[in-house]
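Q: I have a model open and want to go through it with you. Can we start with the basics and then pick out some residues?

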Amino acid sequence: KMTDTERLMLKVDEGKIASHYGKEAQLRKTQEELMELYDAIGGYLSGADTEEHVKEEAADAEVMIDQIKLLLHCWDEVNDIKRYKVSRQFKRLEAEK
């Protein structure tokens with residue numbers, strides 16, 4: 001489990017990588033990583049791939065998404081949208097009861 005300091009340092013390092021490559025390159029890399037995650041999930045669901053591969057691709061995709069949030073200066077905005085979407089889904093779950 002990561003400490004708060006380790007989590008902070010990870011974000012700092014992600015920011016350094018994002019700044020080095022720039023927005024366009026990292027947006028393209030994000031597309032690539034999301035496709036690899038998509039493929040790994042498809043393989044896992046069909047029994048042709050492993051859970052471990054899905055985890056690795058999820059980590060790659062998450063690193064890239066974090067970089068995009070840094071590059072687009074939208075970390076808080078994305079978190080606000082996530083909160084809204086999760087809240088909306090819970091309302092749907094309640095309506096299903």
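The chat below goes from the whole chain to single helices and residues.

Q: What kind of model is this, and how are residues numbered?
A: This is a predicted model, where local features need pLDDT of at least 70, side-chain atom pairs count only at pLDDT 80 or more, and totals for chains, interfaces and linings use all residues. Residues are numbered from 1 along each chain as its sequence is written, and side-chain values use heavy atoms, with hydrogens and water left out.

Q: How many helices and strands are there?
A: The protein chain has four helices and zero strands, where helices (H or I, at least four residues) and strands (E, at least two) are DSSP runs numbered from the N terminus. The pattern along the sequence is α-α-α-α.

Q: What is the radius of gyration, and what would a compact globule have?
A: The protein chain has 16 Å, while a compact globule of 97 residues would have a value near 13 Å. The radius is taken over C-alpha atoms, and the globule rule is 2.2 Å times the number of residues to the power 0.38. Along its principal axes, the C-alpha trace spans about 50 × 35 × 30 Å.

Q: How much of the chain is buried?
A: Buried residues make up 21% of the 97 residues. Buried means under 20% relative accessible area, exposed means over 50%, and partly exposed is in between (1.4 Å probe, protein chains only).

Q: And which part of the contacts is long-range, say 24 or more positions apart?
A: Of the contacts with a separation of 6 or more, 62% are between residues 24 or more positions apart. Contact means heavy atoms within 4.5 Å.

Q: On to H2. What does it span, end to end?
A: H2 has 24 residues and reaches 35 Å from its first C-alpha to its last, close to the 34 Å expected at 1.5 Å a residue. The expected span is 1.5 Å times one less than the number of residues.

Q: Which residues of H2 are buried, and what covers them?
A: Gln26, Thr30, Glu33, Leu37, Ala40 and Gly43 are buried in H2. Their cover includes H1 and helix H3 (51-71).

Q: Why does Glu33 count as buried?
A: Glu33 counts as buried because its relative accessibility is 7%. Leaving aside neighbours within four places in sequence, Glu33 is in contact with Glu57, Asp60, Ala61 and Met64.

Q: What about Gly43?
A: Gly43 is in helix H2 (residues 23-46), and it counts as buried because its relative accessibility is 12%. Not counting residues up to four places away in sequence, Gly43 touches Ala48 and Asp49. The C-alpha atoms of Gly43 and His53 are separated by 9.4 Å, with the two residues 10 apart along the chain.

Q: What comes after H2?
A: Gly47 follows H2 and has a positive phi, near 85 degrees.

Q: Now H3. What are its buried residues, and what covers them?
A: In H3, the buried residues are Val54, Glu57, Ala61, Met64, Asp66, Gln67, Ile68, Lys69 and Leu71. What covers them includes H1, H2 and helix H4 (75-96).

Q: Which residue just after H3 takes a positive phi?
A: His73 does, at about 55 degrees.

Q: Last topic, H1. Where is Val12, and is it buried or partly exposed?
A: Val12 is in helix H1 (residues 4-21). Val12 counts as partly exposed because its relative accessibility is 34%.
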